[in-house]
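Let's take a walk through a model, one piece of secondary structure at a time. Keep a viewer open next to the text if you can.

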Amino acid sequence: MQENLKKQAAIAALPYIKNCRILGIGTGSTVNHFIDQLAPLKAQFEGAVSSSETSTEKLLSLGIPILDLNAVGTLDVYIDGADEINNNLQLVKGGGGALTREKIIAAASRRFICIADQSKLVSRLGSFPLPLEVIPMARSYVAREVIALGGRPVWRENFITDNGNIILDIHGLDILEPMKLENTLNNITGVVTNGLFAKRSADTVLLASEKSTQTLTL
Ligand code: 5RP
């Protein structure tokens with residue numbers, strides 16, 4: 001059922017890529033549905049900038065060329081999922097551990113279209129553990145700093161990011177000021193990035209429910 005809704009959200013994103021030369025592509029099960037939809041359309045665009053090795057593999061298997069972000073400039077559109085979405089279209093992301101590359105591509109794109117099923121919409125961010133990508137030698141230090149901020153960091157074991165780093169998932173945060181927390185966490189030495197997409201929120205959220213797909217914008 002949830003898979004059907006993810007596919008429904010992915011299909012709803014197709015009108016947003018019309019006339020786009022290069023697509024920014026996120027990571028996760030919802031994005032996988034979106035990538036599946038691209039196969040018959042691939043002649044219409046040059047290629048994709050991918051946020052993870054997993055998405056890269058899937059795109060390549062469908063014959064969609066992978067492009068280097070440094071070579072293509074600002075992207076027209078970035079399509080990605082989310083773990084939590086609030087009413088300001090601010091997100092928690094990184095459940096799949098691809099948060100840093102996702103954040104880079106979102107920052108480098110004119111429009112960020114977030115695709116999700118309705119279970120991702122929350123009144124307040126923080127129930128989903130907030131991922132931090134951390135330089136391995138800073139793990140314990142960063143964990144202590146996070147505890148001082150009131151969070152409970154849990155080391156995502158047996159997981160190394162595509163950038164060679166580790167993930168700390170922060171539990172127990174009630175995120176009242178997403179923008180402020182995003183900055184605070186990014187200022188801890190050793191943190192590469194955190195999964196709060198508050199400063200660069202989504203521009204549009206396509207939220208699938210059994211009844212319909214809602215388009216949320218600010
Ligand atoms: C990966 C992400 C994903 O967008 C997020 O985890 C949602 O995934 P899914 O579409 O599988 O629910 O941020 O790092």
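What follows covers a buried strand, a small sheet, a helix with two sides, a surface patch and some salt bridges.

Before we start, keep in mind that this is a predicted model, where local features need pLDDT of at least 70, side-chain atom pairs count only at pLDDT 80 or more, and totals for chains, interfaces and linings use all residues. Residues are numbered from 1 along each chain as its sequence is written, and side-chain values use heavy atoms, with hydrogens and water left out.

**Strand 12 and its partners**

Start with strand 12, residues 204-208, where five of five residues are buried. Buried here stands for under 20% relative accessible area, exposed for over 50%, and partly exposed for what lies in between (1.4 Å probe, protein chains only). Helices (H or I, at least four residues) and strands (E, at least two) are DSSP runs, numbered from the N terminus. Thr204, Leu206 and Ala208 point one way from strand 12, while Val205 and Leu207 point the other way, and all are buried.

Strand 12 pairs with strand 6 and with strand 13; two strands pair if DSSP finds at least two bridges between them. Strand 6 (residues 109-117) runs parallel to strand 12, with five bridges joining them. One spot to click on is Ile115, whose bridge partner in strand 12 is Leu206. Strand 13 (residues 213-217) is also joined to strand 12 by five bridges, but here the two run antiparallel. Leu207 sits opposite Gln214 of strand 13, and a hairpin gets the chain from strand 12 to strand 13 through four residues.

**A three-strand sheet**

Next up is an open sheet of three strands, in the order 4-5-11 with antiparallel pairing. Strand 4 (84-85) and strand 11 (196-197) are its edges, each pairing on one side only. Two bridges hold the antiparallel pair of strand 4 and strand 5 (residues 91-92), and Glu84 faces Val92 in strand 5.

**Helix 6 and a nonpolar patch**

Which residues of helix 6 are buried? In this helix, residues 139-148, they are Val142, Ala143 and Val146. They sit on the same side of helix 6 because they cover an arc of only 105° around the axis, the arc being that of the directions from the helix axis to the C-beta atoms. Arg144, Ile147 and Ala148 are exposed on the other side of helix 6. The buried residues pack against strand 7 (130-134), strand 8 (152-155), strand 9 (166-171) and strand 10, with contact taken as heavy atoms within 4.5 Å. Just after helix 6, Gly150 takes a positive phi of about 100°.

Strand 10 (residues 191-194) also holds Val192, which counts as partly exposed because its relative accessibility is 34%. Val192 joins Ile135 and Met137 in a nonpolar surface patch, and together they have about 310 Å² of accessible area. That area comes from the Shrake-Rupley method with a 1.4 Å probe; for residues, only the protein chains shown count as cover. Patches are made of residues with over 30% relative accessible area and no salt bridge, with like charges joined within 9 Å and nonpolar side chains (Val, Leu, Ile, Met, Phe, Trp, Tyr) within 5 Å.

**Salt bridges**

How many salt bridges does a search of the whole structure find? It finds 12, each being a side-chain nitrogen of Lys or Arg within 4 Å of a carboxyl oxygen of Asp or Glu. Here are some of them.

| Pair | N to O distance |
|---|---|
| Glu3 and Lys6 | 3.8 Å |
| Arg101 and Glu53 | 3.2 Å |
| Lys103 and Glu182 | 2.8 Å |

Glu3 and Lys6 both belong to helix 1 (residues 2-12), three residues apart, or about one turn of the helix. Glu3 counts as partly exposed at 39% relative accessibility, whereas Lys6 counts as buried at 9%.

The salt bridge between Arg101 and Glu53 reaches further: Arg101 lies in helix 5 (residues 99-107) and Glu53 in helix 3 (residues 53-61), so the pair ties together parts 48 residues apart in sequence. Arg101 is partly exposed, with a relative accessible area of 24%, and Glu53 is partly exposed as well, at 43%.

Lys103 and Glu182 also meet in a salt bridge, and this pair links distant parts of the chain, with Lys103 in helix 5 and Glu182 in helix 7 (residues 178-186), 79 residues apart. Lys103 is buried, with a relative accessible area of 13%, and Glu182 counts as buried at 5% relative accessibility. Finally, Asp80, Lys93 and Glu102 are linked in a network of salt bridges.
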